[in-house]
Amino acid sequence: MSADANVNLQQNDISKHLVPVVVGGDILAYSYVRELHRAYGIARTIVLASRDIKMLSSSKFTDYRLIEGVTTREDVLYPALESIAREARASDPQAHLLVLGCDDVHARLLSSGKQRLEAAGFSVPYIDFSLLDEITQKRRFYELCEELDIPYPETRYFDCANGPADLPVDTFGYPLIAKPSNSAQFQDASIPRKRKIYEIESPDEMQQVWHDIRTSDYNAELVLQDFVPGGDDAIRTLTTFSDAEGNIRVVSGGQVCLQDHDPTALGNPLAIMGERQQDIIDAAARFLKRTGYRGMANFDIKYDSRDGSFRFFEVNTRCGRNTYYMSLGGVNFASLIVREFVLGEQIPYQEAYEPFLYCCVPAYVLKRSIRDEGLLKRALDTLGLTRDAYPLHYRPDSMMHGIWSSIMHLNQIRKFKRFYWDTDGKQLKE
């Protein structure tokens, strides 16, 4: 259902008639739930998941539904959503349905099924699949970066379906980064010693990684990139919300102080401090305008100390798992989706850079992991000023949700011991 079909829904009707449905069970799923409640008083958000994630299922603000295969299979997801639409309309003829996903797979499923889901009555806040499929392929993304004068790492591509049995590994410079061109397909592939991103230190390791992926069911390209020097604190993130003409309406971003070092979650920021960089905003604005991108986007970037540039790695055609930091910066991110895609509002330009530290780990983890003393001090000072820095801590929610969210928070100490402190910061390779 288009925004034009929804303009009769008024701001004060949202809490009564909006039926949000979230696909997936991660930290972003709960961020949607809490921010919809905070913005509009939504009492219950339907959450569709394939396993029981306690911090969500224990929330008094979720209608948590376990359906096997619902987060990965269109033949399960689409009928489930159509059933929810019929159920909602039967109980409330004025119901307005909104569907939200949490990762790349969900974005692809919801985008590719947009026409069917809109026919069922859903607002689907994702770009058309042809554009999504184009710009999420790393090769095409970097071609656009080249066209738009956006810095990116030196990059090579190898076809995992028809590529050579062995790579010319002795011709590469090390260290280097290896990652899939198609993240959504890679997420579901069965690969020995699988990592989200591979930090490669030698020709032998590169050959082993290539053999593991080349002989698996992943058949898109493998991307090999120059390793941009710097640790977690060189990473930058930018979240944008743009209108139907691709004009940025809201922007927020920051410096990553600490990211996850679990091999299955490598690269997920766990602590982000608000930081405004005009070069990054300008580059993203060129990309969004060139592609006519509408809605939420998230860019992964790294500062290159060799030349002072900010090198763009990829665009996520959805909310990033950390998009809650936009709310900390002063603009409720979930409300933007409702205002644009349900209410049909014209959103004025805003920047969400009020001082914040988005933080999913205890302060003890920051103190033991951040080696730059100046950065650590700024991070701790900003943490002290940030209300609800951890998205899972939400006072109005149930006691059981609070317990489970605290368990997840404290569990970061054990994870960092295994994957970071005991390895002296090196990637654990099994």
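**Backbone geometry, salt bridges and contacts in the predicted model**

D388 lies in the loop between helix α15, residues 373–385, and helix α16. The structure described here is a predicted model, and the values given for D388 and for the other residues are computed from it. The phi angle of D388 is near 55°, a positive value in a residue other than glycine. Most residues other than glycine have a negative phi, and most peptide bonds are trans. With a relative accessible area of 15%, D388 is counted as buried, because buried residues are those under 20%.

A positive phi also occurs at D149, where the angle is near 60° and the residue is again not a glycine. D149 is placed in the loop that runs between α8 (138–147) and β6. The relative accessible area of D149 is 65%, and this residue is therefore classed as exposed, the term used for values over 50%. A further point of backbone geometry concerns the peptide bond between Y174 and P175, which is cis, with an omega of about 0°. P175 belongs to the loop between strand β6 (155–159) and strand β7 (176–180).

Salt bridges form the next topic, and the count for the model comes to 33. In one of them, the side chains of R290 and E147 meet at 2.6 Å, taken from N to O. This pair links distant parts of the chain, since R290 sits in helix α11 (residues 278–291) and E147 in helix α8, with their positions 143 residues apart in sequence. Both partners are partly exposed, R290 at 39% relative accessibility and E147 with a relative accessible area of 45%. Elsewhere, salt bridges that share partners join R34, E35, R38, D388 and R395 into one network, and D388, the loop residue with a positive phi described above, thus reappears as a member of this network.

Within the network, the side chains of E35 and R34 meet in a salt bridge with an N to O distance of 3.1 Å. E35 is buried, with a relative accessible area of 0%, and R34 is likewise buried, with a value of 2%. Another salt bridge brings together the side chains of K16 and D13, at 3.8 Å from N to O. The two partners of this bridge fall into separate accessibility classes: K16 is exposed because its relative accessible area of 56% is over 50%, whereas D13, at 17% relative accessibility, counts as buried because this value is under 20%.

The packing of helices can be followed in the pair formed by helix α4 (residues 74–91) and helix α5 (residues 104–112), whose axes come within 11 Å and cross at roughly 60°. The crossing in which α4 passes α5 is right-handed. On the side of α4, the residues that take part in the meeting are E74, L77, Y78 and L81, and on the side of α5 they are L109, L110 and S112.

T317 offers a view of a buried loop position, as this residue is located between β14 (309–316) and α12 (324–328) and has a relative accessible area of 4%. When its neighbours within four places in sequence are left aside, T317 is in contact with A107, Y126, I127, L132, I135, T136, Y293 and M296.

Y364, by comparison, is found in a helix, namely α14 (residues 363–369). At 42% relative accessibility, Y364 is counted as partly exposed, because this value lies between the limits of 20% and 50%. Apart from neighbours within four places in sequence, Y364 is in contact with I413 and W421. Y364 and Q412 are 48 residues apart in sequence, while the distance between their C-alpha atoms is 10.0 Å.

Helix α16, which spans residues 399–421, contains M400. At 41% relative accessibility, M400 counts as partly exposed. Together with M399, I403 and I407, M400 makes a nonpolar surface patch of about 400 Å².

Note on methods:
Residues are numbered from 1 along each chain as its sequence is written. This is a predicted model: local features need pLDDT of at least 70, side-chain atom pairs count only at pLDDT 80 or more; totals for chains, interfaces and linings use all residues. Side-chain values use heavy atoms; hydrogens and water are left out. Patches are made of residues with over 30% relative accessible area and no salt bridge: like charges are joined within 9 Å, nonpolar side chains (Val, Leu, Ile, Met, Phe, Trp, Tyr) within 5 Å. Accessible areas come from the Shrake-Rupley method with a 1.4 Å probe; for residues, only the protein chains shown count as cover. A salt bridge is a side-chain nitrogen of Lys or Arg within 4 Å of a carboxyl oxygen of Asp or Glu. Helices (H or I, at least four residues) and strands (E, at least two) are DSSP runs, numbered from the N terminus. Buried means under 20% relative accessible area, exposed over 50%, partly exposed in between (1.4 Å probe, protein chains only). Axes are lines fitted to C-alpha atoms, for helices over the stretch in contact, and angles run from 0 to 180 degrees between N-to-C directions. A crossing is left-handed if the near helix is turned anticlockwise from the far one by less than a right angle, and right-handed if clockwise. Contact means heavy atoms within 4.5 Å.
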